[in-house]
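Subject: Structure handover

Hello,

Please find the sequence and the structure below. My notes on them follow.

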Amino acid sequence: MSSSAYNLCCLSFSPILSLPLSPLLLFLPLSFPLSGGRGLKCVSPCSTILTITLPTPCSSSMVLTFSLSLCSSIMVRTVAVIGAGPSGLTSIKSCLDEGLEPTCFESSDDIGGLWKFKEVSEPNRASIYRSLTINISKEMMCFSDFPIPADYPNYMHHSRILQYFRLYAEHFKLLQHIHFQTSVRSVRQRPDFSHSGQWEVVTENREGQEERHMFDSVIVCSGHYSYPHLPLKDFSGIESFEGKYFHSWDYKGPEDLRGKRVVVIGIGNSGGDIAVESSRVAEQVYLSTRRGAWVIRVMSDNGLPVDMKYNTRFVHILFQLLPVNWLSWFGEKKLNAMYDHTMYALKPKHRLFSTIPVINDELPNKILTGGVMVKPNVQQIRGSSVVFEDGSVVDKVDVVVFATGYNYDFPFLPSGLLANSSHRLSLYRNVFPPGLARPSLAVVGFVCNLGAINPLAEMQARWATRVFKGLLTLPSEEAMLQDIKRDTSTLQNRFACLERHPLQVDHIPYLDSMAEELGVRPNLLGLLLREPGVGLRVLLGPCTPYQYRLRGPGQWDGARQAILTQWERVAQPFRTRMAAQPESRTRASCSLRLTLTLSGAVLLLTLYTRHSLSSLLSHPTGLLYKLYSPSETMWGWK
Ligand SMILES: Cc1cc2nc3c(=O)[nH]c(=O)nc-3n(C[C@H](O)[C@H](O)[C@H](O)COP(=O)(O)OP(=O)(O)OC[C@H]3O[C@@H](n4cnc5c(N)ncnc54)[C@H](O)[C@@H]3O)c2cc1C
Ligand SMILES: NC(=O)c1ccc[n+]([C@@H]2O[C@H](COP(=O)([O-])OP(=O)(O)OC[C@H]3O[C@@H](n4cnc5c(N)ncnc54)[C@H](OP(=O)(O)O)[C@@H]3O)[C@@H](O)[C@H]2O)c1
């Protein structure tokens with residue numbers, strides 16, 4: 001059924017929206033699709049009476065059932081969206097796409113969340129530094145139906161990505177749904193929640209006045225980098241420190257570090273960036289790490305964005321087929337060929353693919369040129385001296401920067417709603433709390449991965465809004481809890497130190513699993529057969545978000561073209577000077593064809609070692625399905 005048909009229903013049935021209806025009826029619109037909403041007619045705009053003229057003869061009881069099922073599937077209409085960062089913006093859009101009525105509350109005075117730079121960090125809100133550039137390339141970080149402008153750099157300054165979010169908000173007319181300078185203070189279930197699924201949301205506006213609102217659903221998009229993790233108790237003697245210390249959340253730029261001796265603690269992406277930047281003005285920078293890190297570059301061969309080269313379905317398939325340790329060994333070998341992690345004192349205890357690496361092109365350079373010295377974990381701080389676990393001491397330290405990451409919190413939610421399951425939050429697929437009588441609250445953007453958060457948040461929002469509408473149903477509470485448990489143990493095997501990084505997910509499997517339910521996962525075999533140009537790009541090329549707009553609900557007509565032109569948009573910002581053409585284009589396209597053919601051959605060969613050729617030939621579809629299923633089996637979602 002088209003979304004316009006649902007819009008019609010939404011407008012027409014406002015007075016009956018809290019009527020409890022049998023959940024069984026929710027299945028019916030799916031079982032009896034009414035193509036394009038044909039034959040649907042609302043007789044009375046404010047009553048429960050709905051006449052449906054079916055194209056084929058049917059019994060009157062069937063007509064009645066349809067009326068009820070339609071009513072139940074449109075029960076949820078008003079949605080409170082908390083936060084207007086990227087996750088909030090895409091959630092508002094998903095609500096609009098599904099014919100729901102979003103109202104977004106944003107505590108600050110602007111959209112963009114973390115990407116709205118402030119000269120002074122504001123409490124309970126994410127904060128970035130002046131020089132921050134994205135570390136995921138633009139084609140991988142955009143929303144699936146709105147490519148980032150072709151002339152924007154591939155790795156852009158934070159101000160540019162904020163500009164992109166403005167374009168997105170304007171294009172999809174999202175701003176009119178946002179109440180700025182309005183903080184959500186509490187979200188509570190209404191007394192009749194078990195059948196209405198409704199929430200009471202208390203907000204506070206800029207004048208400090210409280211307001212109560214009622215919503216059918218809530219999407220929480222408040223971000224998870226707002227509360228600095230400052231583990232002072234782990235740093236014995238910190239109270240005796242004679243210099244200045246602060247968290248990376250407070251770091252805006254290196255100006256105050258000029259001529260200083262600086263110790264940066266923690267080698268995440270913040271620690272790496274701050275160490276590099278401050279080393280340009282500081283007397284000396286020491287970067288302390290308790291575990292070490294694999295450091296990768298954003299720039300791959302030929303200067304192409306690394307994620308465009310490696311975040312592909314083909315690589316994902318290799319991950320299903322080959323031992324991860326072998327792939328890690330291969331990747332580590334490639335990285336060490338650029339800079340030996342042992343010699344550079346970076347080598348971590350974990351393998352390359354068992355946690356998110358540090359993405360920093362300049363750090364190895366700074367180590368090479370002595371501006372940054374890598375040190376082990378801090379053992380003790382004495383006055384102005386810092387003692388490291390290997391016994392070495394750095395004296396006359398002026399500044400310690402704790403780049404020690406973030407904690408998360410949802411102060412406005414009922415305590416216990418998102419109860420922990422071991423060290424992870426108890427959220428079904430990182431989105432739905434399993435214990436609710438009605439699935440009318442979702443958390444969006446609460447994940448991290450080696451890839452962009454935006455496409456994940458967008459997929460979560462698309463999924464959540466379909467669940468709110470009753471078009472998709474969640475399993476029982478028990479099944480969801482089992483799933484969270486299975487998922488946690490799978491991730492524990494997959495990632496090192498999940499306890500400290502509990503929000504990790506695997507990019508493509510996570511997207512695919514939700515896309516499968518939504519019916520928007522790309523049909524690879526169909527594409528390869530019908531449109532080999534698009535199919536090969538989906539299989540072998542970067543897993544750009546447009547792939548999830550090729551079909552199904554929310555299909556976007558521009559998706560094919562966006563996939564076909566993705567490398568064009570990568571190339572566009574480089575076209576700043578006409579340089580002499582290198583070799584003939586023919587040779588370049590021949591080598592591309594050769595690469596594609598060889599990749600296909602390698603894939604087939606790998607398959608052949610695992611499956612008999614006869615089964616491959618007799619059941620190509622089944623085999624391809626199997627190829628993609630391991631991710632689901634791995635996640636235990638099927
Ligand atoms: C330093 C840094 C660099 C990063 N770089 C990248 C990158 O290059 N690529 C990438 O993909 N990701 C990056 N990330 C991850 C980043 O968090 C996401 O890209 C993205 O900002 C997440 O969006 P969000 O909307 O979920 O959260 P946020 O951007 O944090 O937005 C949350 C919004 O909710 C509002 N809010 C919170 N509580 C309330 C309340 N009670 N009432 C009303 N409003 C509220 C806040 O004011 C804020 O506007 C980076 C993170 C950090 C910390
Ligand atoms: N350019 C960019 O796009 C950019 C820049 C900055 C940040 N980011 C993103 O922002 C998010 C947060 O990054 P982050 O670097 O701030 O945090 P992070 O990734 O959580 O890293 C925190 C670091 O601090 C260490 N640490 C934590 N507690 C410690 C303790 N008690 N003692 C010693 N070391 C301790 C951690 O070590 P362990 O690993 O051993 O726990 C880790 O090295 C990430 O998603 C990151 O990718 C992106």
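Which residue does Q189 stand opposite in β7? Its partner is W199. Please keep in mind throughout that this is a predicted model.

The antiparallel sheet

That pair belongs to an open sheet of 3 strands, ordered β6-β7-β8 and paired antiparallel. At its edges are β6, covering 183-189, and β8, covering 210-215, and each of these pairs on one side only. From one strand to the next, the twist averages 25°. Between β6 and β7, the latter made up of residues 199-204, there are 6 bridges, and the two strands run antiparallel.

The parallel sheet

There is also an open sheet of 5 strands with parallel pairing, in the order β11-β20-β12-β13-β16. Its edge strands are β11 (244-247) and β16 (372-375), each with pairing on one side only. Here the twist from one strand to the next averages 20°. As general background, strands of a sheet pair through backbone hydrogen bonds, and they may do so either parallel or antiparallel.

Inside this sheet, β12 (residues 261-265) and β20 (residues 399-402) run parallel and are joined by 4 bridges. One residue pair to look at is V262, whose bridge partner in β20 is V399. Helix α8, residues 269-279, packs on the sheet and touches β12, β13 (284-288), β16 and β20. The direction of α8 makes about 170° with that of β13.

The α4 and α13 pair

Two packed helices are described by the angle between their axes and by the distance between those axes. For helix α4 (residues 86-97) and helix α13 (residues 454-468), the angle is about 35° and the axes are 9 Å apart. The crossing of α4 past α13 is right-handed. On the α4 side the contact is made by P86, S87, T90, S91, S94 and C95, and these meet N454, A457, E458, A461, R462 and T465 of α13. Sorted by class, this contact holds 4 nonpolar, 6 polar and 2 charged residues.

Ligand 1

How many residues are around ligand 1? There are 35, and those that come nearest are G83, G85, G113, G223 and G445. Elements giving two or more residues to this shell are α4, β6 and α13. Of the elements, α4 gives the most, with 3 residues. The shell of ligand 1 divides into 19 nonpolar, 14 polar and 2 charged residues. The helices α4 and α13 of the packed pair therefore turn up again here, as does β6, an edge strand of the antiparallel sheet.

Ligand 2

Around ligand 2 there are 25 residues, of which N135, G266, G268, S270 and G405 come nearest. The largest share of this shell comes from α8, with 4 residues; this is the helix that packs on the parallel sheet. By class, the shell of ligand 2 has 8 nonpolar, 12 polar and 5 charged residues.

Confidence

The chain has a mean pLDDT of 84, and 78% of its residues reach 70 or more. Over residues 1-74 the pLDDT stays under 50, and the model has 83 contacts for this stretch beyond four places in sequence. Residues 611-638 also have a pLDDT below 50, with 33 contacts in the model beyond near neighbours in sequence.

Regards

Key:
Residues numbered from 1 in each chain as written. Chains lettered and ligands numbered in written order. Predicted model: local features only at pLDDT ≥ 70, side-chain atom pairs only at ≥ 80, totals over all residues. Pairing = 2+ DSSP bridges. Axes fitted to C-alpha atoms, helices over the stretch in contact; angles between N-to-C directions. Left-handed = near helix turned anticlockwise from the far one by under 90°. Contact = placed C-beta atoms within 7 Å. Nonpolar A, V, L, I, M, F, W, Y, C, P; charged D, E, K, R; others polar. Near = placed C-beta within 6 Å. pLDDT = per-residue confidence, 0-100.
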